[in-house]
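Colleague: Could you walk me through one part of this model at close range? I would like to start at the ligand and work outwards from there.

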Amino acid sequence: MKSSSNLSRDWNPGDIWEGYQATSLLEMPGLARAAGVARVFVKNEAERPLGNFKVLGGMAAALRAIRRHAMNSPNADGAAHRRLRLVCASDGNHGLAVASAAQRAGVRATVYLPHDVNPVRVDRIRATGADIVLVDGTYDDAVQCAQAAALAEDCLLVPDTTPDADHPVVKDVMAGYGVLTDELICQLAAAGNVQPTHAFIQAGVGGLAAAIAEGLHAHMHAAGRLVVVEPHGAACVARALREGRPVRIEGDLRTTAEMLACGLASAPALEILLRHRAQSMRVTESELEAGPAQLLAAGGPASTPSGAAGLAGLLAASRQPEQRERCGLDAGSIVLLVVTEGPPDVTTASTAQDTDVHPFPLPSPAY
Ligand SMILES: Cc1ncc(COP(=O)(O)O)c(C=O)c1O
């Protein structure tokens, strides 16, 4: 299966995840009633291996980076391969994906995390065998530490954000998220050629929102809008959209939507979001906190404030007449949401732990 977007991908998800299956797309009439729109569809990424969509990008990009490295080092033996180290920064989920890729490929990994990261997320990453470095600062400080460490120690950096609009690894990460949009295209067609008028997509650095804008634009309604949803105190994509370039926002960025606590948008994501004229909106901490319960009450999956932040955005926008108008929401709107993760404490790192460790050389699929 080729990617439907300009974020090119020449691998199939089945090459990486044995027994690969699309995650569910749920229609949720209760949410449509609550938001005063015609239909609401929810893509449930809690079902994804590792319990969140980040596995699609981080794991695929890391395996591709290892493969590229092996091809560029034809004389390296198995011992040299095992000494290889992947490095990344994360709020939790990207690090888990990269660490799981390292475990699978039989290489080492170091994950840089902000010091106030949820300990459950740290334990899940550590269980893959990765080393953890807690950084006294924000996610953005962890990004800088990971960059510096990768340079100094000659490691493979696997970032999910970058100031470089052409960064190949970050583009691989976003191309991996294209698996989700390819699934959506098939699922919306099967649901009767549904064309969403809106997608409310939560953002940390903007990679997911960009992948959805790029992958789905031809399958949305002609006047379709993508609305980027961010916490009030960490709205770096809104700022970047306003200024036309990533600008780091200050403050401690702390939010109950801990996976969205990012202060600098990713440049390749921003380029795509600007091209697709994405809108943005900010939600309060209490709106974010209410998201998982509202989702559950409507019959949806268990999630977190980060995972349900798109819903928090839709409900906030639908309640405020000005915001409703700005987003073009009305009784005929068809809205797409992505529940981006399940609760981390009940999701097991199944892909990481159940998958055989592949010995050097790496297996042959073209990822
Ligand atoms: C659960 C969850 N939702 C949403 C996001 C936001 O994705 P992005 O940083 O690509 O905007 C993340 C990022 O880590 C995440 O872990």
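Which helices each supply at least two residues of the shell around the ligand?

Modeller: Happy to take you through it, with the reminder that this is a predicted model. Two helices fit your description: H5, covering 93-105, and H9, covering 207-216. H9 gives the largest share of the shell, three residues. In total, 19 residues surround the ligand, and the closest are Gly204, Gly207, Met259, Thr340 and Glu341. Sorted by class, the shell holds ten polar residues, six nonpolar ones and three charged ones.

Now for the setting of the ligand. The domain assignment divides the chain into domain 1 (13-53 + 169-339) and domain 2 (55-164). Their C-alpha centres are 25 Å apart, and the contact between the two draws on 31 residues of domain 1 and 27 residues of domain 2. On the side of domain 1 that touches domain 2, the elements giving two or more residues are helix H8 (168-190) and helix H11 (267-275). H8 has the largest share of that side, with nine residues. The class make-up of that side is 20 nonpolar, six polar and five charged residues. Back at the ligand, domain 1 and domain 2 both contribute to the shell, and therefore the ligand lies between them.

From there, let us follow H5 into its surroundings. The chain runs from strand S3 through H5 to strand S4, and this β-α-β crossover is right-handed. S3 itself spans residues 85-89 and is mostly covered, since four of its five residues are buried. S4 spans residues 108-114 and pairs with S3 in the parallel sense over five bridges. Within that pairing, valine 87 of S3 stands opposite threonine 110 of S4. S4 is also well covered: six of its seven residues are buried, so the rest of the structure largely encloses it.

S3 has another partner as well. Strand S6, residues 156-157, runs parallel to S3 and is joined to it by two bridges. Valine 87 turns up again in this pairing, with leucine 157 as its bridge partner in S6.

On the other flank, we can move from S4 to S5. These two strands run parallel and are joined by five bridges. Two of the residue pairs are worth picking out in your viewer: valine 111 has isoleucine 132 as its bridge partner in S5, and tyrosine 112 has valine 133. The chain connection here goes by way of helix H6, residues 119-126, and S4, H6 and S5 make a right-handed β-α-β unit.

Putting the strands together, you get an open sheet of four strands in the order S5-S4-S3-S6, with parallel pairing. S5 (131-135) and S6 stand at the edges with a single partner strand each, so one side of each is left without a neighbour in the sheet. As a general reminder, strands of a sheet pair through backbone hydrogen bonds, either parallel or antiparallel.

Since you may well be checking backbone torsions, here are two residues to look at. Aspartate 154 is not a glycine, yet has a positive phi of about 55°. Aspartate 154 sits in the loop between helix H7 (139-152) and S6, so following the chain from that loop brings you to the edge strand of the sheet. Aspartate 154 counts as exposed because it has 8 C-beta neighbours inside 10 Å, and the cut-off for exposed is 12 or fewer.

The other residue is arginine 277, again not a glycine, with a positive phi of about 50°. Arginine 277 is found in the loop between H11 and strand S9 (279-283). H11 is one of the helices mentioned above on the side of domain 1 that touches domain 2. With 11 C-beta neighbours inside 10 Å, arginine 277 counts as exposed too.

So, to return to your starting point: H5, one of the helices in the ligand shell, is also the helix of the right-handed crossover from S3 to S4.

Terms used. Residues numbered from 1 in each chain as written. Predicted model: local features only at pLDDT ≥ 70, side-chain atom pairs only at ≥ 80, totals over all residues. Near = placed C-beta within 6 Å. Nonpolar A, V, L, I, M, F, W, Y, C, P; charged D, E, K, R; others polar. Domains from an automatic or database assignment. Contact = placed C-beta atoms within 7 Å. Buried ≥ 20, exposed ≤ 12 C-beta atoms within 10 Å, placed from the backbone. Pairing = 2+ DSSP bridges. Right-handed = clockwise from strand over helix to strand, strands pointing away.
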